[in-house]
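Biologist: I have the sequence and the structure open on my screen. Could we go through the main features together?

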Amino acid sequence: MTTLITGGCGNTGSKLARLIQTASRPLLIASRSGTAPEPYKAVKFDWSDASTFENPFKADSNIDKVYIVISNIFDVLPIVQPFVDLSIAKGVKRFVLLSGSHTHKAGPYIGKLHEYIENTGVDFTVLRPTSFIENFAGVFAHSIRERNEIVSTAGNGRTPFVSGEDIAKAAFDALFADKSPNKEYYVVGPGLYSHDEVASLFSEILGRKVTHRRITGEEERAMLESVGMPPDQADFVSSAGQETAEGTEEALVGRNNTIQGTHTLREFIETNKHVWMKE
């Protein structure tokens with residue numbers, strides 16, 4: 001039977017695809033372009049175009065597991081619910097949903113989809129990772145490279161930053177477990193860092209001073225809205241940083257529903273130094 005990976009060319013999806021391929025299990029990549037790197041088979045799929053939702057099942061009638069990743073959508077449930085319903089009608093028996101540590105069941109963003117999938121009665125796992133290590137090579141890359149700073153509302157709060165590799169491993173285990181967990185798991189990295197400590201680590205490895213500039217929630221909301229983010233989404237993002245400042249991320253370490261990965265922030269920075277080097 002085949003596993004469908006939505007967001008199959010993204011951070012966690014591409015890593016999950018490698019794990020499934022290595023295990024010699026059938027998989028299908030869903031991507032907006034309809035293409036994927038060799039040797040994967042891909043199909044055109046776009047959350048913003050419901051007419052593409054049937055494409056995976058036309059390409060492969062043996063899909064029984066789906067990994068769901070959503071990006072660039074805040075009001076998720078009305079968009080994704082029809083696909084979930086269609087998948088179940090087509091014979092899908094298990095979902096693994098990528099959510100986030102700040103995204104609570106029945107709450108905003110992916111939270112309502114989490115609740116909906118759980119209530120369908122099919123096998124499910126919801127993964128709630130903390131902040132991605134890879135964000136430092138993404139949304140934070142320009143400010144580190146050009147201004148030698150990391151900007152956050154996290155204050156002194158410490159985060160067990162997690163790698164996409166570890167999230168993909170957790171997804172693989174959930175997809176192919178003999179008995180589905182039917183629960184949510186937090187996914188965390190092996191080390192706790194405040195943003196001040198992250199800046200110090202960058203300074204050590206890059207050989208130049210990197211600092212953490214602390215901003216308020218109001219400042220972050222204004223900054224996000226200025227680049228076009230809707231107010232409710234900006235408020236959600238800002239509140240996540242403030243929750244971190246209050247210790248919510250650190251409190252996830254060692255819980256009985258927490259999966260701890262092995263890939264470290266130091267390893268990631270050392271491997272990707274070129275991303276933050278000035279030309």
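Modeller: Certainly; please keep in mind that this is a predicted model. A suitable starting point is the largest nonpolar core, which has 28 residues, and within it Trp47, Ile68, Ile70 and Leu113 touch the most other members.

Biologist: Which elements each supply at least two residues of this core?

Modeller: They are the strands β2 (27-31), β4 (63-68), β5 (94-98) and β6 (123-129), together with the helices α3 (76-89) and α4 (111-120). The largest share comes from α3, with six residues.

Biologist: And Ile68, what is it in contact with, leaving aside its neighbours within four places in sequence?

Modeller: Ile68 is in contact with Thr6, Trp47, Val84 and Ile117, and also with Phe95, Val96, Leu97 and Leu98. Apart from the core that holds Ile68, there is another core of 24 residues, with Leu127, Ala171, Phe176 and Val187 among them.

Biologist: Is there a general reason for such clusters?

Modeller: Nonpolar side chains tend to be buried together in soluble globular proteins.

Biologist: What feature does UniProt place at residues 63-218?

Modeller: The UniProt entry, which is unreviewed, lists "domain: NmrA-like" for that range. In the model, residues 63-218 are 37% helix and 23% strand, and the C-alpha atoms at the two ends are 45 Å apart.

Biologist: Turning to helix packing, how do α8 and α9 cross?

Modeller: Helix α8 spans residues 217-226 and helix α9 spans residues 231-245; their axes come within 9 Å and cross at roughly 145°. The crossing of α8 past α9 is right-handed.

Biologist: Which residues make the contact?

Modeller: On α8 they are Gly217, Glu220, Arg221, Leu224 and Glu225, and on α9 they are Pro231, Ala234, Asp235, Val237, Ser238 and Gln242. By character, the residues of this contact divide into four nonpolar, three polar and four charged.

Biologist: Met223 is in α8 too. Is Met223 buried, partly exposed or exposed?

Modeller: Met223 counts as partly exposed because its relative accessibility is 40%, and the partly exposed class lies between the limits of 20% and 50%. The C-alpha atoms of Met223 and Glu134 are 22 Å apart in space, with these positions 89 residues apart in sequence numbering.

Biologist: What about Pro230?

Modeller: Pro230 is in the loop between α8 and α9. With a relative accessible area of 38%, Pro230 is partly exposed. Its C-alpha atom is separated by 9.0 Å from that of Phe74, although the two residues are 156 residues apart along the chain.

Biologist: Now some backbone geometry. Which residues does a cis peptide bond join?

Modeller: The cis bond joins Glu38 and Pro39, with omega about 10°. Pro39 lies in the loop between β2 and β3.

Biologist: Where does phi take a positive value in a residue other than glycine?

Modeller: Two examples are Ser24, with phi near 60°, and Asn148, with phi near 55°.

Biologist: Why point these out?

Modeller: Most residues other than glycine have a negative phi, and most peptide bonds are trans.

Biologist: Are Ser24 and Asn148 buried or exposed?

Modeller: Ser24, in the loop between α1 and β2, counts as exposed because its relative accessibility is 65%. Asn148, in the loop between α5 (141-147) and β7 (149-152), counts as buried because its relative accessibility is 17%, and the limit for buried is under 20%.

Biologist: Back to the early part of the chain: where is Leu19 found, and what does it touch?

Modeller: Leu19 is found in helix α1 (residues 11-22). Not counting residues up to four places away in sequence, Leu19 touches Ala168, Lys169 and Phe172. Leu19 counts as partly exposed, at 32% relative accessibility. From C-alpha to C-alpha, Leu19 and Gly107 are 31 Å apart in space, and they are 88 residues apart in sequence.

Biologist: One last residue: what does Asp46 touch?

Modeller: Asp46 touches Arg32, Thr52 and Phe53, not counting residues up to four places away in sequence. Its place is in the loop between β3 (42-44) and α2 (55-59). The C-alpha atoms of Asp46 and Gly34 are separated by 9.2 Å, and these residues are 12 residues apart along the chain.

Note on methods:
Residues numbered from 1 in each chain as written. Predicted model: local features only at pLDDT ≥ 70, side-chain atom pairs only at ≥ 80, totals over all residues. Heavy atoms only, no water. Axes fitted to C-alpha atoms, helices over the stretch in contact; angles between N-to-C directions. Helix = DSSP H or I, 4+ residues; strand = E, 2+ residues; numbered from the N terminus. Left-handed = near helix turned anticlockwise from the far one by under 90°. Contact = heavy atoms within 4.5 Å. Nonpolar A, V, L, I, M, F, W, Y, C, P; charged D, E, K, R; others polar. Core = buried A, V, L, I, M, F, W, Y, C linked by side-chain atoms within 4.5 Å. Buried < 20%, exposed > 50% of the residue type's maximum accessible area, 1.4 Å probe, protein only. UniProt positions renumbered as here; feature names shortened; annotations may be inferred.
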